[in-house]
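Visitor: I am new to this structure and should be grateful for a close look at a single part of it. Please choose one helix and describe its surroundings.

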Amino acid sequence: MVDGRLAALDHLVAAAADEWLDDPRDAAVYGRLVSAVEARRAHIGSRRATDGTELQQVVSGAAVRRGGTPGETAAPDGDAVVTMVSGDGRPRLTKAANTRTRVLDSAAKVFSRKGYTETRLSDIAAEAAMHSGSLYYHFRTREELVDEVLRVGQERVDRFVRQRVASLPPEAANLARLRELITAHLEMVLEIGNYTSAMIRIIGQVPEDVHRRRLHDQRQYGGYWRRLFKQAQAGGELRTDVDLSAMMMLILGALNSSPDWYCSGEDLSPAKLGPALGTLFLTGLATEHHPTAIAPAAPEAHLKPRPALSGADGPRRAATRARILQAAAEVLGEQGYGGTRISTVAAVAGLRPGSLYYHFHSRDDLLVGMLGEAWEHADRLVHQAVADLPAHASHLDRVSAAMTAHMLSALGRGSYTSGLLRIFEQFPEEVRRPGLAAQLAFTAYWRQLLTSAQEAGEIHAAVDVPSVTMMLIGTSNWAAEWYQPDGRLDPMTLAAQFTTMIFHGLVRRD
């Protein structure tokens with residue numbers, strides 16, 4: 001059968017190659033050629049083709065048709081662009097393509113660290129160890145560059161995962177495909193960690209047209225996940241008492257947040273962590289015990305009140321402070337650390353800038369207050385949820401209570417949680433340092449709960465407690481990024497289904 005799409009892409013690449021040979025020093029022309037070649041490569045990848053020779057022959061064929069010899073041509077910044085295939089029939093990367101890749105890798109790192117608003121092309125050029133003028137050959141504007149970073153990051157994950165799943169034998173079970181799906185996704189997001197972090201942290205900061213295009217790509221990939229999960233459920237292999245789309249989003253949140261905590265090592269390589277998480281999501285942590293899942297239905301209402309601020313205006317000061325912190329979270333999520341100004345936070349909070357300084361002396365003082373309040377609130381909520389359990393509660397009951405309380409807290413403070421998550425890595429060390437002890441204590445408490453359950457034989461001995469600890473915390477936190485309060489599931493139901501998946505897995509048990 002003739003592939004009409006491939007034929008159209010062949011024509012597009014050939015036309016772009018002809019145009020480029022006419023004017024090889026025009027950056028715009030070269031950009032169109034690169035885009036055409038990448039579009040064709042992506043299409044071939046989606047069809048599991050591995051013949052790189054055909055791709056390169058299409059490009060070099062333009063020179064042959066003109067009576068020339070495929071070889072090297074100077075790119076606009078002096079980089080040699082090779083249009084030949086190597087002796088083994090595989091396309092050779094050109095010097096210009098290598099430079100472009102270096103620019104994109106550097107841009108992903110800088111965007112992830114500084115956010116979109118505060119990143120300048122000169123910052124990226126410095127990270128790539130090149131002159132700013134050379135960078136403009138590849139990308140004319142910051143918007144063009146961030147669009148390509150987000151596109152390439154998503155495209156690399158999409159293509160790699162689809163190829164891995166497609167490489168399974170035709171008779172592979174649906175569950176085997178889901179395991180490969182989870183494993184491949186994790187391996188790729190860890191390999192391109194800066195791209196993953198950039199996609200998560202700056203998607204709310206980029207121009208609207210960039211946001212719209214990249215959101216479309218993410219939805220296309222999400223549709224691929226959804227089809228595989230629904231096929232397994234339709235085949236009777238997955239349980240039907242949970243919202244499958246919500247569970248899929250929780251899994252993606254767990255995997256996408258992994259670059260924030262994962263440390264490479266022989267004991268926990270991506271090749272080992274991926275299958276381990278696949279097993280966790282599909283078959284669960286628990287051995288035989290069924291938790292009673294005693295947890296607060298309205299966590300805020302169960303918190304013991306903090307000591308009131310001194311003075312007659314203490315409650316009013318506390319309310320104003322809370323309003324400022326909420327406003328700061330919203331601004332941070334949209335503008336990033338570098339783009340956040342005290343005056344903007346004051347305006348969102350409905351205050352004059354001078355009034356805000358009564359509560360916080362500077363922007364960094366405000367951010368230190370945000371982090372401190374966030375960790376204190378989460379810690380108090382989780383500890384109290386566990387403390388409220390009856391004396392006969394099992395270790396798994398305690399983990400269940402902590403999971404539910406943390407999920408409800410994260411969803412109940414959606415913009416606050418997501419705002420901090422998006423830009424935490426952009427904070428300077430002096431802002432993060434004061435809250436480090438509270439963060440470590442919070443993580444240690446979760447690890448203690450899981451270790452106790454493991455020692456009591458309530459969760460499998462093979463479970464890696466440190467990684468599961470970080471995964472559970474990260475999954476709940478990132479749920480605030482996608483959860484819709486007016487959607488199908490209320491927070492308590494989502495928390496209960498999350499606990500079901502983690503303890504007992506998604507695999508149907510008859």
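Guide: What follows is an account of helix 12 and the core around it. The model is a predicted one, and helix 12 covers residues 270–283. With 14 residues at 1.5 Å a residue, helix 12 should span 20 Å, and because its end C-alpha atoms are 20 Å apart, the expected and actual spans agree. Just after helix 12 comes Gly 284, with a positive phi near 90 degrees.

Several residues of helix 12 are buried: Leu 273, Gly 274, Leu 277, Gly 278, Leu 280, Phe 281 and Leu 282. The cover over these buried residues includes helix 8 (174–191) and helix 11 (244–256), together with helix 21 (465–482) and helix 22 (491–504).

One of the buried residues, Phe 281, also has a place in the largest nonpolar core, which holds 107 residues. Phe 281 is among the members that touch the most other members, along with Phe 111, Leu 145, Trp 225, Phe 229, Met 471 and Ile 502. Met 471 links back to helix 12: neighbours within four places in sequence aside, Met 471 is in contact with Leu 277, Leu 280 and Phe 281, and also with Ala 254, Trp 261 and Ile 502. Apart from this core lies another, of 22 residues, including Ala 327, Leu 332, Phe 360 and Phe 427.

Note on methods. Residues are numbered from 1 along each chain as its sequence is written. This is a predicted model: local features need pLDDT of at least 70, side-chain atom pairs count only at pLDDT 80 or more; totals for chains, interfaces and linings use all residues. Side-chain values use heavy atoms; hydrogens and water are left out. Helices (H or I, at least four residues) and strands (E, at least two) are DSSP runs, numbered from the N terminus. The expected span of a helix is 1.5 Å times one less than its number of residues. Buried means under 20% relative accessible area, exposed over 50%, partly exposed in between (1.4 Å probe, protein chains only). Contact means heavy atoms within 4.5 Å. A nonpolar core is a set of buried Ala, Val, Leu, Ile, Met, Phe, Trp, Tyr and Cys residues joined through side-chain atoms within 4.5 Å.
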